[in-house]
Amino acid sequence: MNPASPIDEPVYDHALDLAGVDEGISRVPLQAPHKRLWLAGFAVAFLGVCSLFSGVAWLLFRGIGTWGIDIPVAWGFAIVNFVWWIGIGHAGTFISAFLLLLHQSWRTSINRFTEAMTLFAVACAALFPLLHLGRPQYFYWLLPYPDTMGLWPQFRSPLVWDVFAVSTYFMVSLVFWYAGLLPDLATMRDRAGPRWKRRAYGLLALGWRGDARHWVHYERMYVVLAGLATPLVISVHSIVGLDFAAAQLPGWHSTIFPPYFVGGAIFSGFAMVLTLVIPLRKVYRLEGFITDRHLDLMAKVMMTTGWVVAYGYFAEAFTAWWSRDQFEMFSQTNRLLGPYARFFWIMLICNVGVPQLLWCARLRRNVPFLFVASLLVNLGMWLERYVIVVTSLHRDFMPSSWGWYRGTRVDWAVFVGTLGLFLALLFLFVRLLPAISMTEMKMLVTRKGKVQ
Amino acid sequence: MPPLNPLRPADEFPAGASDPPDAIGRRDFLRLAGASAALAGLSGCGPPAKTLAPYVVQPESIIPGKAAYYATAMPWEGYARGLVAEAHEGRPTKLEGNPEAAESLGATDAQTQASVLSLYDPDRSRSPRRGGFPASWDAFEAEWGARRQALAAKGGAGLALLAEPTTSPTFRREMRRLLERLPRARWYQHTALARYDRNGRQADAAVGEADLIFAIGSDFLISHPAALRYARDFARRRRSRGGARANRLYVAEAALTVTGSMADHRLPILPGRLAALLAAIDGGETAGLPAAEREFASRLRADLARHGGRALCLAGPEQEGHVQEWAAKCNARSGSARLAWDGPALRSDADPGSAGGLRELAGALEAGEVSDLVILGCNPVYTGAPGADFAERLADAAFTVHLGSYADETGVLCGWHLPESHYLEAWGDLLGYGGQALIQQPLIDPLYSSRSAAEMVRFLADGMAAPGYDLVRETWRAAAGKDFEGRWAGWLNRGVVDDGTRLPAPPVSAAGGRPEQAAPAGGGLTLLFRPDPNLGDGRWSNNAWLQELPRPFTTLVWDNAACLSPDLAGRLGVREGDVIELSCGGRRISAPVALARGQADGCVVVHFGGGRTAAGGVGNGRGFDAYRLRPGEGVWRAEGLEIRPTGAWQRLVFTQHHFAMDGRDLARWTEPGGRAAPAEPDRGSLFPPWPRPGHAWAMSIDLASCIGCNACVAACQAENNIPVVGPEEAFRGREMHWIRIARYFEGEGSGLRVAALPLPCMHCENAPCELVCPVGATVHSSEGLNQMIYNRCVGTRYCSNNCPYKVRRFNFFDYRAPADSPVHLQQNPNVTVRQRGVMEKCTYCVQRIDEARIAAEVAGRALRDGDIRTACQQACPAEAIVFGDLADPQSAVSRRKREEGDYGLLTDLNTRPRTTYLPKLSNPAPLA
């Protein structure tokens, strides 16, 4: 399926043989090493889930007013978090589908894990558009269903496009991820000890027997799905960008938004992959699969997309200045110098400053540094959305309606709650399923054997 | 109340069992209300009917969903505001000005609009109380019967009555009757607000006739019994394209007022410096004056000379004697009695039978001359200056009675507290400032067991209750002569006594009048007392609409503050919200600072109405009590104020935070004959225009006329069931007003320009909100209304984000009153009450459009221009708002929009707003 990587440096430990791959990867869900560490981590994440549930319960009981939103800032944390999570959800499909089509064999070691990350991030993201409705019980009015009164969604609204984009993206990502899992689930079934485990994995493997026809269908479907998922990577965040760009608010109304949002999404997605993979490979000793070269490559992608984002910032400011439109110019000045300026400058340091350090090859291999840098980029990207949403809204056309915004405790509870949910799901994933695709790793090993 | 249906056994747990005794349950009330409205115009309202009949046959006049209108009048500082009240199924819901009434001319002010809410205030006093415990009128009548006999034996000696000054002929007749029967009884009068008479005369003016007006500390456009007439007359000379007819307004005042904001030349000046300024205008020495004052004086002097008999000087009632006299002299000199004249004093504080004010009463109490004290409808414990120590003096009387709508600060200290009827519940009569008599007709039976002040006086005199209806008719029967019944019906119908019937002129005492304020001495700062723009002397403190109505220039809500000019605050090193201690004349209070632009340096303005302790759930504990600093009744200025920052900080809630336009083209100015900005070119569209058959609703707002009085905001709130959100939510920026008045300031000192920009929904033809709603909850009607479909709204709030005017409001919580609150009775049944999580906004009063359309269809005619008036338009005293059909080229709104200078807000965005503006007029004097 893949030609060899044109780069000399191996993308996995060449000491591994086929059995070593299976053993090294399936060991984690089957033998559950570091049980205590896992439990402790899961407990922390579960606290977050509790925070999510309590925050959401209070929100539904008391109403949307428990959030910090107001007039004029009618969107706040919910939209910030939504865009942030959706952005994080970009890396997985980008890595597995985009890089697959581009024949980047290094993606093999991380695609499974990042796809799972994508699913969980999109699940977290999808909570927010529902919760942010004033009357969430009627969310289905955004779906085109045959209503008895003949009412349809208003298709000119980007929010309707959002519904389609996000749900399609989630569905395709889910199918792609699950289809890729099938041979591995069969391996797990074969290696699992207790009968009930074999049953469970067997059921999930949908009767995979390694038949040649299975493989033919599998490979065809995989490429087709990759072909389907690739444009979705572009479309979903473009449409999220259009949520803003289609409005006429200074600071939102900008044609640069769709590409800039896609760049930002991949940027933050790779940052999140680094944040998660670095401790994962350390704890479960997966350095043989996820090598320093992977980190190096991901850092390079981060740096590149960081430049896309930086260009976005520049283009926005330049366009505002070039337009000589007083509202656009004010909106930019207000971002740079207004009451929320500190968020802007922190964002700029995180998103533009920090990635520049990655020019240095030594730093790209410095694991602790990469970990910190990825955290900073995550923070920066969250702030970027905060800056876009809040600073544009809080001072727009009419000075008499200018206001301010601050997240409330419920806002934080829900945001921290989704972080908890995300981590909890990842913990479960690592504990129950092979976090690296054994099938594709074995293909790599086999192909290398042939080449030699 | 016995069970209405005898066939139904008495409930084990009857409805209303938990209500306080003597109150009427909601269901009973609705039945009563329905029945009473049916009879309102016919039989009057005596004690509640003893027999109730269900609607077996529906009364002809009551159709659910269809309003009935009755003329009535509201007391405003004792004078009449003529009203037409709208009632639905017998409950008054909305007040409009009575076009027949000379002092309202169809307009209203914010307090009048909000007064209907007070009728349904759940904190109103519901039953008599004796020593704080619920009692009954019967018990009071028995007790009073005994005391009255004892008093009558002494000719009434020891009886003191304290009432607010009023123009009501019936009240004054009853009071005289009581004083005839008990000649040694004493009638004291107390108001914390200004008197309008001097030496038995009260000044009036034809504001519309004057080409030049010089207002000296006079807020005659809003804070005056004749303000609605003055504002109307003033604004008619103040159209955007007024041309040569435009008048010119000079204002010299200490703190920015609504009137000051309309000035062409405005001078912020301390009251202590007025004498020098006036002397300079007279031609005196100008060398010692600061440049701004000198320039103002010389300009005005030249202008006064130029205008001769067409110049009018108005001195505010709070001004000291020499200012009043100067204004009178100036008017006499200009020689036109058509412009300014003195009429008879109409209010009872000029009555020779009056024994004085609160100070005299306190003296009598201290001297032990008062055994029985009856307080009618006022709250001297709160509004009395601390010098009188009225709360302590109350204990000097053996028997104290308080009649009031609330068991307020005075009510809780009196032996008896008795509920007073709201003006919409009681028969009465009042005089307008110009002398026109109005009949105050109730819209509803008293909700609780209450009486009016006139009924109370009759009862005190006779020991026997008589219905207010009979009392009022007694008064007028004597005056009417022949055909009383026919005339009476006509008066009730029109609300005014307009057929030449005259009552004998009330006696007027030539002496006395306004308490002379000795020019206070002492260094330090000047402290100025003002009634609150919304809460008045504190009587409206429990009215949530008025608490949440932004004060005109600070936009402060739910609080009061010590207002300092930004310069003074800078010098003192205090910022907005810092709590300072004000000490003056040995009294001290703490108050938070609010920055007041346009205020003279060296003075601090405090407003009454805060610091209430027994106002009710809404008003208690809001702000500080400025009366604690007041040296005496009727004193408006104190010198020698000292300020000490306390280091504390208090959160003040403002609804607007940024007052500069920052070079944005929002409020525009023009000058008479000035060139208007060129009309914006039609930007066209890639799409063919929508076919728009039929009407095209549109609005035009003339900023030149708009005085920024907030009447439209309050009227909209009353008409459209707009909830109040409270200080916490208002602080979060979640207030719900569908129309707000944006305030913008330019310049400073005497160069300050103020713009009031009313902002309802613009009903854009290319509405940005409609495009982004994912469920089509906001859509365009074929007549050009941008409609909000509450049922369909899911609450994404994207429409608000995309609205460049930010006129949309969101129900972040369920802001409706509790289900059992009587305030629901105020609500307009033709307007949906919005639930939690939906967006709402100005509808151009679509319910009024539909009502007029239906009426026209029933009558088989086309809609005529003027059939539809939006609530804001109807309330506006300045006629600044015009609404109508743009498809009719002859309609008032079409004509206005054809005027030069008509402009829309932010039309660069190609929103094509249907609400457009005419620029604000400034008419400065040509340089000499």
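**Notebook: helix pairs, a sheet and two chains**

I began in chain A, where the axes of helix α3 (residues 77-88) and helix α5 (residues 111-131) come within 8 Å and cross at roughly 155 degrees. That makes α3(A) roughly antiparallel to α5(A) (angles over 145 degrees count as roughly antiparallel, under 35 as roughly parallel, 65 to 115 as roughly perpendicular and the rest as oblique). For my own reference, axes are lines fitted to C-alpha atoms, for helices over the stretch in contact, and angles run from 0 to 180 degrees between N-to-C directions. Helices are DSSP runs of H or I with at least four residues, strands are E runs of at least two, and both are numbered from the N terminus.

I noted that this is a predicted model, where local features need pLDDT of at least 70, side-chain atom pairs count only at pLDDT 80 or more, and totals for chains, interfaces and linings use all residues. Residues are numbered from 1 along each chain as its sequence is written, while chains are lettered from A and ligands numbered from 1 in the order in which they are written.

Next I looked up who meets whom: residues including A:F82 and A:W85 in α3(A) meet residues of α5(A), among them A:A125 and A:F128 (contact: C-beta atoms, placed from the backbone, within 7 Å). I found twelve nonpolar residues, one polar and no charged in this contact (Ala, Val, Leu, Ile, Met, Phe, Trp, Tyr, Cys and Pro count as nonpolar, Asp, Glu, Lys and Arg as charged, and the others, Gly among them, as polar).

My second pair was α8 (residues 212-245) and α9 (residues 257-283) of chain A, which pack at about 125 degrees with axes 7 Å apart. α8(A) and α9(A) are therefore oblique to each other. Here I counted eleven nonpolar, three polar and no charged residues in the contact of α8(A) with α9(A).

Then I turned to chain B and found three strands in an open sheet, ordered β1-β2-β3, with antiparallel pairing (strands pair if DSSP finds at least two bridges between them). β1 (67-76) and β3 (91-97) of chain B stand at the edges with a single partner strand each, so one side of each has no neighbour in the sheet. Six bridges join β2 (residues 79-88) of chain B to β3(B), and I saw B:A85 partnered with B:L95.

Last, I checked where the chains touch: 36 residues of chain A are in contact with 42 of chain B. Helix α6 (residues 158-191) of chain A gives the most to chain A's side, with three residues. That side divides into 22 nonpolar, ten polar and four charged residues.

Conventions
Two residues are in contact if their C-beta atoms, placed from the backbone, lie within 7 Å.
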